[in-house]
Amino acid sequence: MSITIHPMYATDWTAVSQIYADGIATGEATFETDVPTWEKWDTGHLPNCRFVARSKAGEVLGWAALSPVSSRCVYAGVAEVSVYVAPSAWGQGVGKRLLQTLVDCSEAEGIWTLQAGIFPENTASVKLHEKLGFRVVGRREKLGQQYGRWRDVLFLERRSQKVGIQE
């Protein structure tokens with residue numbers, strides 16, 4: 001599939017929010033039950049390292065962004081990854097391109113650790129992250145309830161080999 005990766009803008013929110021809603025509807029992507037407003041989403045994500053994947057025709061096929069994990073300065077170089085792909089583009093390399101772009105951008109921004117929380121049942125997402133250097137560092141059992149069912153979450157991280165290493 002021929003795709004291009006572009007920075008995400010507020011004008012992309014309609015398409016981005018639909019892809020997010022599709023992810024929520026699967027029950028395997030997030031604990032979230034509703035798509036937030038653009039304003040709420042925007043304030044919860046880092047201003048840099050936000051991307052959309054577009055088809056040749058300009059259709060948004062997926063998005064990826066980083067969130068801070070803490071407001072404490074010691075964690076300034078740690079961010080959480082979000083990657084969502086439209087169901088029509090699953091299995092076509094869109095997620096891989098988006099996640100690789102996030103990794104590259106994070107390192108350019110001085111981020112030394114990326115983390116992700118993924119439901120164990122979302123094997124495609126786990127495999128995608130592992131292909132790009134993430135490793136499972138733990139399993140948080142019964143972390144939260146989703147629709148009345150306790151859910152485990154795998155905790156994955158990727159440590160940069162370029163940023164924050166001892167010289």
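Two aromatic rings of Phe, Tyr or Trp count as a pair if their centres lie within 6.5 Å, the six-membered ring being used for Trp. With this in mind, the tour of this predicted model may begin.

First, select Trp13, Tyr20, Trp38, Trp41, Trp63 and Tyr84, which together form one aromatic cluster. The structure holds 8 aromatic pairs.

Next, go to phenylalanine 31 and phenylalanine 119, whose rings form an edge-to-face pair, with 5.0 Å from centre to centre and 85° between the planes. This pair links distant parts of the chain, 88 residues apart. Phenylalanine 31 is found in the loop between α1 (13–26) and α2 (38–43), and phenylalanine 119 in the loop between β5 (113–118) and α4 (123–131). Phenylalanine 31 is partly exposed, at 31% relative accessibility, whereas phenylalanine 119 is buried, at 4%.

Now reduce the selection to tryptophan 38 and tryptophan 41, a stacked aromatic pair with 5.5 Å from centre to centre and 25° between the planes. Both residues belong to helix α2, where they are 3 residues apart, about one turn of the helix. Tryptophan 38 and tryptophan 41 are both buried.

Return to phenylalanine 119 and add arginine 151, which lies over the face of that ring, at 3.8 Å from its centre.

Finally, select Val69, Val74 and Tyr75, which make a nonpolar surface patch of about 230 Å². Valine 69 is placed in the loop between β3 (60–68) and β4 (78–85). Its relative accessible area is 30%, so valine 69 is partly exposed.

Conventions:
Residues numbered from 1 in each chain as written. Predicted model: local features only at pLDDT ≥ 70, side-chain atom pairs only at ≥ 80, totals over all residues. Heavy atoms only, no water. Patch = residues over 30% accessible without salt bridge, like charges linked within 9 Å, V, L, I, M, F, W, Y side chains within 5 Å. Areas by Shrake-Rupley, 256 points an atom, 1.4 Å probe, with all protein chains shown as cover. Salt bridge = Lys/Arg side-chain N within 4 Å of Asp/Glu carboxyl O. Helix = DSSP H or I, 4+ residues; strand = E, 2+ residues; numbered from the N terminus. Buried < 20%, exposed > 50% of the residue type's maximum accessible area, 1.4 Å probe, protein only. Phe/Tyr/Trp six-rings, centres within 6.5 Å; stacked < 30°, edge-to-face > 60°. Lys NZ or Arg CZ within 6 Å of the ring centre and 35° of its normal.
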